[in-house]
Amino acid sequence: MHASKSIVAEPHGAAQAASLWERYSKVRAHTMALAAPLSAEDCCVQSMPDASPTKWHLGHTSWFFETFVLERFESDFKPFQTAFRVLFNSYYNSLGPKHPRPQRGLLTRPPLAEIYAYRRNIDQRMQRLLETIADEELQQLVILGLNHEQQHQELILTDIKHLLAQNPLHPAYTAEAATSAPSAQTETTLSIAHYSWHQFSGGVVEIGHAGDGFCFDNETPRHSVYLQPYQLAAALVTNGEYLQFVEAGAYTRPGLWLSEGWDWVVANQRTQPLYWHKDGEHWQEFTLDGMVPLVGNAPLRHISYYEAEAYARWINARLPTEAEWEHAAATHELLQGQDTAWQWTQSSYAPYPGYQAAAGAIGEYNGKFMVNQYVLRGGSSA
């Protein structure tokens, strides 16, 4: 999750409050709609330490508004349930103890019905607050909270996909989804010449957030960087293109991999991407629609940094830097549609020059995670 210093421009006074409440209602309703196809059992289980149960996401996003908005601005504030301050605290150390992340799937109590009651209670109190208080800090925190909840909407879908993928029945996220599965398609042979490349002259360029709209604080400040001339592929890598990498035996060739990446391949006995399966001679992919034929010309998704780096090496290319990716996406209209998948860069996640975290607990949103990670750009297919 990330933090913010700037907000979306809004109208003032009563119109501002009404507009923000309408936006709040839509975002919160969409979260509930995402959970609607799931059973109580689906909502409780945690499939790996890096994922969270849907029930926890539903509680945590309400905890965010209760902790950072209602506790700050509600004159007669009283927590819905005192224990929730610990249960649904994600990583804010300055707010006190947290329930261990790897154990979120053990929270069979409180029941899902109580989490839904918690959400209703927070929504009712937020409506009263937004109807009675017009405060710039309040507006900023609510807008941050909505962007935070939208991030958790993505997590609900990605986490439930991983959970359902562990089930040998290969269930679809919804019953309707299984009837609309795509048909398999093939892909042409691959070489470096297969790709269409956009050329960029480099030089001193500006990156970082610009404008009046919302951004997270890790997108600031805007600053200059120097780029050597570079090229960026005009389209995302497809399943069909990556399939040739798999069938060329890449997962058995240590020379294609970073040392740590090869250790990862061996330790996890990986022979293909996480959600790919081979049924006889035919490749399939587990999706939110259930198990479907692998679509060759669809964008490749759900691969690790190690796999992305090894594939780039295999076609005699490399991953772009974060600065190259942002510069290209901002200046070339043909690249601005490449937001149908998160895209790996070769850049470590580090602060932009002059970055400053916000004061207080909200400052823990981003800055303390700027270590031992690589940057993804683009946008989620979820």
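Which residues in α9 are buried? The numbered points below address this and related features.

1. The structure is a predicted model. The mean pLDDT of the protein chain is 91, with 89% of its residues at 70 or more. Residues 1–12 are an exception to a confident reading, as their pLDDT is below 50; the stretch nevertheless has 51 contacts in the model beyond near neighbours in sequence. A second stretch, residues 187–193, also stays under 50 in pLDDT, and the model gives it 20 contacts beyond four places in sequence. Where pLDDT is low, the predicted coordinates should not be read in detail.

2. As to overall composition, the protein chain contains 10 helices and 9 strands. Of its 382 residues, 48% are buried. Considering contacts between residues at least 6 apart in sequence, 79% join residues at least 24 apart. The chain exposes about 18700 Å², of which carbon and sulfur atoms supply 53%.

3. Helix α9 spans residues 305–314 and is mostly covered, with 8 of its 10 residues buried. In reply to the opening question, the buried residues are Y305, Y306, E307, A308, E309, A310, Y311 and A312. Glutamates E307 and E309 are thus listed among the buried positions, together with alanines and tyrosines. The partners against which the buried residues of α9 pack are the helices α7 (239–247) and α8 (259–268) and the strands β8 (342–348) and β9 (374–378).

4. The two flanks of α9 also merit comment. On one side, S304 is located in the loop between β7 (290–293) and α9. S304 has a relative accessible area of 17%, and therefore counts as buried, the cut-off being under 20%. Leaving aside residues up to four places away in sequence, S304 touches W264 and W344. On the other side, just after α9, N316 adopts a positive phi of about 60 degrees.

5. A helix pair deserves separate mention. Helix α3 (residues 54–73) and helix α5 (residues 112–132) have axes that come within 10 Å and cross at roughly 30 degrees. Because angles under 35 degrees count as roughly parallel, α3 is described as roughly parallel to α5. The crossing is left-handed. From α3, the contact involves K55, L58, G59, T61, S62, W63, F65, E66, V69, L70 and F73. From α5, the contributing residues are L112, I115, Y116, Y118, R119, I122, R125, M126 and L129.

Notes. Residues numbered from 1 in each chain as written. Predicted model: local features only at pLDDT ≥ 70, side-chain atom pairs only at ≥ 80, totals over all residues. Heavy atoms only, no water. pLDDT = per-residue confidence, 0-100. Contact = heavy atoms within 4.5 Å. Helix = DSSP H or I, 4+ residues; strand = E, 2+ residues; numbered from the N terminus. Buried < 20%, exposed > 50% of the residue type's maximum accessible area, 1.4 Å probe, protein only. Areas by Shrake-Rupley, 256 points an atom, 1.4 Å probe, with all protein chains shown as cover. Axes fitted to C-alpha atoms, helices over the stretch in contact; angles between N-to-C directions. Parallel < 35°, antiparallel > 145°, perpendicular 65-115°, else oblique. Left-handed = near helix turned anticlockwise from the far one by under 90°.
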